[in-house]
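Open the model in your viewer and keep the selection box handy. We'll go stop by stop, and at each one I'll say what to pick and what you'll find there.

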Amino acid sequence: MTLNTDHPLLDGRTANSPTIRAYWGDRPETTPVWFMRQAGRSLPEYRKLREGNEMLEACLTPDLASEITMQPVRRHKVDAAIFFSDIVIPAKLAGVEVEIVPGRGPVFANPIRTAEDVAKLRPIDPAAFAPIREAVAQTVAQLGNTPLIGFAGAPFTLASYLVEGGPSKDQQRARTLMYSDPQTWATLLNWCADIAGEFLIAQVEAGASAVQLFDSWVGSLSEQQYVRRVAPHSKRAFSHLRGYEVPKVHFGVGSGEVLQAMHSIGADVMGVDWRIPLDEADRRLGGGVPLQGNIDPALLGAPWHVLEAHVRDVMNRGRVAPAHVVNLGHGVGPETDPDVLTKIVELVHQEG
Amino acid sequence: MRTTEFTVVGGGIAGLVTARKLAMAGRTVRLIEASNHLGGTVASHRVGGINVDAGAESFATRGNTVADLARELGLGDDIVSPGDEGAWLQPVAGAALPLPSTGILGIPATPLDAQTIAVLGLGGALRAQLDSLIPWFGKRTAISLGALVRRRMGKAVVEKLVAPVVHGVYSLHPDDLPIERVATLTERLALHGSLAAAVRSMREAMPAGTAVQGIRGGINRLVTELAADLTTYGVIVEFERRIESAEALAELDGTVIVAAPGILAPVRGRTVTLATLVLAAPELDAEPRGSGVLVAPGCTTVSARALTHATAKWQWLKEYAEGRHIVRLSYNEEPANLAEVARHDAEILLGVSLPAESVLDFARQQWIRPAALAPAERTDGVVVVGETVGGTGLAGIITHANAAVDRLLLLADAADVETEADEDAAAEAEEDEEDEQLS
């Protein structure tokens with residue numbers, strides 16, 4: 001499969017945008033910046049729009065998902081939009097019963113814990129992504145030269161939610177299954193990889209100019225566990241995009257031990273969390289890999305001069321990489337003052 | 001859906017290793033298995049409520065092949081060595097004796113040591129010592145290990161020491177074991193001039209520790225992990241499909257790898273019957289026969305060929321068994337009433353009384369150990385892996401399969417380069433055509 005000729009990457013809209021150039025390793029004149037979870041709870045306009053709308057319903061209502069995706073682009077003048085969605089959306093569209101419990105996160109009515117549970121999971125019908133395609137198309141039509149980044153949760157993180165039945169502290173049940181029944185584990189992660197891959201395809205075909213695979217829980221794994229039980233499945237998720245020439249970003253929280261392994265599955269860009277500085281990430285990757293990150297979200301609440309110095313430090317360290325897209329080391333928290341984000345964008349653009 | 005590049009026929013250890021390695025190299029692989037499960041002779045069965053190995057229960061440490069695979073499969077921390085109690089020997093007549101601990105495959109390193117004299121008698125030991133005086137002129141014709149040892153050390157060494165050990169390792173009589181199958185023996189013999197010296201140098205070259213190792217929980221864990229990897233790397237596994245003949249291979253997709261006996265030639269081989277007993281026998285706590293007993297051919301007091309005291313050999317199994325004992329006996333010919341014969345044989349071989357009520361559980365397992373494929377039975381162009389070509393034992397089979405896959409991948413990569421070059425040429429030709437149209 002290939003991109004349509006009217007795709008933003010091919011019709012001249014986004015191919016030369018700073019974000020896409022940086023993702024391909026071609027350092028633009030001005031360093032681009034966007035924020036993970038920029039669309040969402042930190043914005044008053046988002047909270048207003050969400051009133052009376054359940055989270056996953058909002059994700060699956062094209063007008064809402066598109067508007068929420070656009071809000072931070074208008075407000076902060078960031079260099080990329082990140083598609084507003086949730087990691088569990090493909091699972092829900094594949095027929096798994098799930099709801100987002102406010103203050104807790106996704107909760108599954110029937111956790112997936114046995115070979116029988118996994119056998120009941122059905123492959124996803126690509127037609128189920130119609131609302132996603134519609135939302136992406138609406139968004140891209142408004143974005144002009146700003147690229148939209150598609151999004152999916154990595155198989156391990158998605159599988160952890162499914163096995164645990166919801167968010168958990170250290171993914172212990174998931175990691176136990178990995179050992180107690182490796183066959184079932186592999187089958188489950190293949191399923192997760194395939195629905196994540198189809199989710200990415202839907203977004204890319206509808207106009208996303210890049211994708212990012214999020215592995216939020218990867219920090220609970222040893223390198224050996226990651227390489228053997230997880231990485232091949234993340235690779236499988238990306239491999240669905242074979243033929244679509246879009247840059248692929250791979251991001252994990254607590255990924256210092258597995259940075260190299262996460263890159264080697266076919267990622268073009270590595271997102272780095274706040275735990276290691278970018279020059280160290282570059283060293284661990286052996287150089288040559290465009291980086292994204294890694295402002296410590298904890299500093300968003302610090303006095304401006306502290307945050308400013310930190311942002312400058314992040315940018316300086318990022319200069320060792322072929323190209324750098326400024327981002328946070330994790331998502332924007334709900335308590336974040338949105339004006340701080342706007343100021344960071346101004347600072348980054350002014351620094352060049 | 002990508003087309004199948006490789007079809008592996010047979011889901012035993014060789015087929016699994018082959019399919020996994022091809023898939024990990026990014027190739028599309030299908031595996032066809034005649035039964036409804038994977039692993040072949042690396043299997044487990046439940047005896048006394050414990051999952052124990054039903055086939056292979058240890059692997060040769062030679063070359064680190066199996067340990068390397070186990071580590072790759074995440075089982076590195078669970079590799080275990082057997083207890084250091086040696087094995088014993090049941091001679092044709094008389095009581096069991098400790099097996100001389102310095103030899104290899106029963107070939108004594110020092111024929112005149114007390115342990116060897118105890119087995120051979122002084123006359124036999126002196127005859128064995130002649131080995132140091134007989135010159136070695138090199139090997140002129142194919143020769144079996146049995147013939148070699150008989151010539152240099154005498155008949156007693158073959159019958160009393162080598163035959164029981166070789167049978168325990170290869171399920172073969174030494175007269176049927178070509179010396180090439182014993183790694184580096186010929187080379188060392190040429191170098192050192194005598195069999196005992198060759199054996200001593202082989203012992204010195206061996207890594208510290210034991211010649212065999214196992215895996216906590218059983219060798220069968222390799223299969224669980226390999227099978228999971230096949231899923232992880234997208235190998236399609238088709239169960240309960242039997243490929244009957246070489247002709248049927250032509251219908252399969254991609255490059256075919258034969259990893260099962262009975263396809264290129266009818267299965268010829270020996271049948272081995274295993275009897276596993278779970279015993280309540282506190283007398284066995286003292287491990288009276290170390291890790292087990294090898295039976296000299298011709299011994300008529302028992303029908304078993306060997307007995308393994310599994311809970312003495314493997315500490316992990318002892319923990320699992322919670323005070324009970326597990327012994328495994330092997331038979332070339334299955335006796336009628338195997339359970340009773342096995343109990344009786346265990347009693348004699350272990351030298352303790354084992355009344356019927358001490359037997360808590362019993363399991364029977366039968367395997368065919370296929371003989372090597374004759375050169376005439378190899379079909380040109382058909383890649384074969386497994387016991388019929390890789391030798392007996394996991395180390396040999398896995399080493400052989402790994403090498404076969406390396407060759408296949410080299411060929412496949414070369415073919416890819418050619419295809420790409422063709423495609424590039426075609427694309428260029430097309431572009432030229434477009435240019436012409438434009439001008």
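Colour chain B for a start and think about how its parts touch: among contacts with a separation of 6 or more, 72% link residues 24 or more positions apart. Keep in mind that this is a predicted model. The C-alpha trace of chain B spans about 100 × 55 × 40 Å along its principal axes. Of its 439 residues, 45% count as buried. Switch to cartoon and you have 14 helices and 17 strands to look through in chain B.

**Stop 1: the start of chain B**

Select residues 6-9 and 29-32 of chain B. These are strands β1 and β2, and they pair in the parallel sense over four bridges. Which residue of β2(B) does B:V9 stand opposite? Zoom in and you'll see B:I32 there.

Now show side chains on β2(B). B:V29 and B:L31 point one way, while B:R30 and B:I32 point the other way. That fits the usual pattern, in which side chains of a regular strand alternate between the two faces of the sheet. Are these four residues of β2(B) buried or exposed? All of them are buried, B:R30 included.

**Stop 2: two helices of chain B**

Next, select residues 13-24 and 221-232 of chain B, which are helices α1 and α8. Their axes lie 9 Å apart and the helices pack at an angle of about 35°. From α1(B), the contact is made by B:L16, B:V17, B:A19, B:R20 and B:A23; from α8(B), by B:V223, B:L226, B:A227, B:D229 and B:L230. Colour those by class and you get eight nonpolar, no polar and two charged residues. As for handedness, α1(B) passes α8(B) in a left-handed crossing.

**Stop 3: the mixed sheet of chain B**

Stay in chain B and look for an open sheet of seven strands, in the order β8-β7-β13-β14-β15-β12-β16, with mixed pairing. The edge strands are β8 (97-98) and β16 (359-370) of chain B, and each pairs on one side only. Go to the β16(B) edge and add residues 269-279, strand β12: the two pair in the antiparallel sense over eleven bridges. Within that pair, B:R270 stands opposite B:R369 in β16(B).

Then select residues 155-170 of chain B. This is helix α5, which packs on the sheet and touches β7 (87-90), β13 (292-295) and β14 (306-309) of chain B. Its direction makes about 115° with that of β13(B).

**Stop 4: across to chain A**

Show both chains. How many residues of chain B are in contact with chain A? Eight, and they meet ten residues of chain A. On the chain B side, that makes three nonpolar, four polar and one charged residues.

**Stop 5: the parallel sheet of chain A**

Hide chain B. Chain A has an open sheet of seven strands too, in the order β1-β4-β5-β6-β7-β8-β9, and here the pairing is parallel. Its edge strands are β1 (81-82) and β9 (324-328) of chain A. Pick out residues 269-271 and 291-295 of chain A, strands β7 and β8, which pair over two bridges. A:M270 stands opposite A:L291 in β8(A).

**Stop 6: helices of chain A**

Select residues 172-180 of chain A, helix α9, whose buried residues are A:A174, A:R175, A:L177 and A:M178. Look down the axis of α9(A): these buried residues fall within an arc of 155°, so they line one face of the helix. On the other side, A:Y179 and A:S180 are exposed. What covers the buried residues of α9(A) includes α8 (155-164), α10 (182-206) and α11 (223-239) of chain A.

Keep α10(A) and add residues 130-143, helix α7 of chain A; the two axes come within 8 Å and cross at roughly 35°. This crossing is right-handed. The contact is made by A:I132, A:R133, A:V136 and A:A137 of α7(A) and A:A202, A:Q203, A:E205 and A:A206 of α10(A). By class, that is five nonpolar, one polar and two charged.

**Last stop: A:M1**

Finish at A:M1, in the segment before α1 (18-23) of chain A. Why is A:M1 classed as exposed? Because it has 10 other C-beta atoms within 10 Å, and a residue counts as exposed at 12 or fewer. Leaving aside neighbours within four places in sequence, A:M1 is in contact with A:G243 and A:Y244. Measure C-alpha to C-alpha in your viewer: A:M1 and A:Y244 are 6.5 Å apart in space and 243 residues apart in sequence.

Conventions:
Residues are numbered from 1 along each chain as its sequence is written. Chains are lettered from A and ligands numbered from 1 in the order in which they are written. This is a predicted model: local features need pLDDT of at least 70, side-chain atom pairs count only at pLDDT 80 or more; totals for chains, interfaces and linings use all residues. Two residues are in contact if their C-beta atoms, placed from the backbone, lie within 7 Å. Ala, Val, Leu, Ile, Met, Phe, Trp, Tyr, Cys and Pro count as nonpolar, Asp, Glu, Lys and Arg as charged, and the others, Gly among them, as polar. A residue is buried if 20 or more other C-beta atoms lie within 10 Å of its own, exposed if 12 or fewer, and partly exposed in between; C-beta atoms are placed from the backbone. The arc is that of the directions from the helix axis to the C-beta atoms. Axes are lines fitted to C-alpha atoms, for helices over the stretch in contact, and angles run from 0 to 180 degrees between N-to-C directions. A crossing is left-handed if the near helix is turned anticlockwise from the far one by less than a right angle, and right-handed if clockwise. Two strands pair if DSSP finds at least two bridges between them.
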